[in-house]
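The following note sets out points on strand pairing, helix packing and disulfide links. Please read it alongside the sequence and the coordinates.

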Amino acid sequence: MIRLPRVAAVTLFAFAFALTAPRARALEQLPAADDARLIVVAIADKADPAATAGATPRGYAGLPDYAGGAERTRAAARRIASDYALREVSAWTIDALRLRCMLYELPAGSDRSEALARMRGDRRVSLAEPLQHFSTYSTMPALPPPEPAPPAGPAAAYNDPYVGLQQGFTRIGAAAAQRWASGARIEVAVIDTGIDAAHPDLAGRVVSQRDFTRDAASASHDRHGTEVAGVIAAVANNGVGIVGVAPGTHIRALRACWPVQANGSAARCDTFTLAQALGAAITSGARVINLSLGGPPDPLLEHLVAKAIERGAIVVGAVPPDARMDGFPVDVDGVIAVRSSDSAATARPALAAPGRDILTLEPGGHYDYASGSSLATAHVTGAVALLLEIDPHLDAKTVFALLDGSNRRADASIDACAAVRTLAHKAEGCDSVTTATGLVHAKH
């Protein structure tokens with residue numbers, strides 16, 4: 001691996017914590033539970049009758065452990081727990097789906113498959129499934145990549161010292177695309193591990209952070225989310241580090257995954273954490289949702305992604321290393337699936353983007369290389385943000401067609417510049433040399 005020098009810290013803007021909806025108790029506050037016995041059950045969230053004269057003004061916010069559900073729904077959940085001898089570990093309300101979700105623990109010695117089958121036949125239950133696990137898709141390279149030539153063409157316009165090492169940025173024509181767009185005014189929800197928002201190359205880019213995990217480590221030390229955010233939104237022309245594909249975007253950091261080991265890039269997530277993060281992303285109105293992760297099919301998560309798409313979000317998901325397309329999130333209709341351009345083709349349509357030896361951010365003001373479809377997905381997310389700045393009304397189908405049609409490379413990688421130029425109806429070519437002053441919104 002190549003370890004590049006640490007960059008001096010800079011002062012960040014204050015973070016705006018706009019997502020204030022009630023949430024489930026943090027997992028670190030929950031009683032210990034056996035994951036093999038955990039299930040997720042959802043029931044319809046029924047509104048309580050309107051308050052009558054003389055009703056207490058205190059409301060349900062005063063109830064212990066209140067997490068957004070009406071009392072009628074909470075009472076129904078208690079009856080279900082009693083009928084099946086379940087222990088409630090946590091509960092939360094998904095307003096977008098009008099569901100109350102409970103994380104239950106089955107009794108010791110019970111058969112989880114049998115218990116779920118019984119509950120699925122219960123008319124009170126909208127959904128019942130095991131707590132499932134998901135993984136991020138990135139690795140650290142075994143050997144350092146070759147040193148590229150100094151930046152040329154549009155990339156030479158930047159004063160960021162490592163832009164010449166950004167092979168993925170160069171291959172998708174990001175520098176040339178930024179003549180017309182930078183992703184300004186576009187919010188991207190990064191559902192991942194935490195992000196080092198104090199990194200100098202993310203100054204002012206991370207507008208909010210929420211943590212849905214039980215991991216006790218500081219989110220600012222997480223590598224994977226920091227790597228993904230760097231590819232998408234690293235600040236341009238700030239005299240340090242690298243340049244993001246869409247340096248004008250704002251990131252909502254939703255921590256639903258935790259590192260497998262300290263200082264490692266690999267991370268895990270589960271149904272409980274991802275469902276809460278997706279609900280928060282929908283509530284926030286983020287225009288793009290980046291899911292550089294994947295795992296088995298999951299009905300609750302599929303419903304949430306479908307709702308996000310219905311509300312106009314463009315969801316970008318990573319293809320797993322085995323190129324299978326039958327898991328979450330790439331099997332959900334409307335999700336833009338992304339594979340690394342050096343990997344095998346998929347059975348169903350997916351975009352390809354650079355995912356090998358990608359220079360990006362690391363916690364603590366560092367930079368390093370990482371590989372995998374997680375990074376390829378981040379490249380596409382950045383390209384999506386560029387397109388949305390030009391036309392905020394684009395849907396996923398149109399975005400996919402623009403990026404898929406931009407492919408002019410033997411490795412099938414997207415060409416962000418060609419897609420942006422087509423959408424903006426510009427006659428200029430994508431290999432033109434520009435100057436720093438010619439970059440659109442390059443510095444924010």
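1. Two strands are taken as paired if DSSP finds at least two bridges between them; helices (H or I, at least four residues) and strands (E, at least two) are DSSP runs, numbered from the N terminus. The model is a predicted one, in which local features need pLDDT of at least 70 and side-chain atom pairs count only at pLDDT 80 or more, while totals for chains, interfaces and linings use all residues. Residues are numbered from 1 along each chain as its sequence is written, and side-chain values use heavy atoms, with hydrogens and water left out.

2. One open sheet has 4 strands in the order S2-S3-S1-S4, with antiparallel pairing. Its edge strands, each pairing on one side only, are S2 (87–94) and S4 (127–130). Neighbouring strands of this sheet are turned by 20 degrees against each other on average, direction ignored. Strand S1 (residues 38–44) is joined to S4 by 4 bridges in the antiparallel sense, and Val 40 stands opposite Glu 129 in S4.

3. Helix H6 packs on this sheet, touching S1, S2, S3 (99–105) and S4, and its direction makes about 20 degrees with that of S2. Contact means heavy atoms within 4.5 Å; axes are lines fitted to C-alpha atoms, for helices over the stretch in contact, and angles run from 0 to 180 degrees between N-to-C directions. Helix H7 (residues 299–310) lies across S1, S2, S3 and S4, at about 120 degrees to S4.

4. A further open sheet of 4 strands, with antiparallel pairing, has the order S9-S10-S5-S12. Its edge strands are S9 (257–259) and S12 (293–294), each pairing on one side only. Helix H6 (residues 271–284) packs on this sheet as well, touching S5, S9, S10 (267–270) and S12, at about 80 degrees to S10. Strand S5 (residues 133–136) runs antiparallel to S12, with 2 bridges between them; Ser 135 has Gly 294 as its bridge partner in S12.

5. With a disulfide defined as a pair of cysteine sulfur atoms within 2.5 Å, the count is 2. Cys 257 and Cys 269 have their sulfur atoms 2.0 Å apart, and their link is right-handed, with 85 degrees about the S-S bond. The pair connects strand S9 with strand S10, 12 residues apart.

6. Cys 417 is joined to Cys 430 (S to S 2.1 Å), in a left-handed link with -90 degrees about the S-S bond. Cys 417 lies in helix H10 (residues 416–424) and Cys 430 in the segment after H10, so the pair ties together parts 13 residues apart in sequence.
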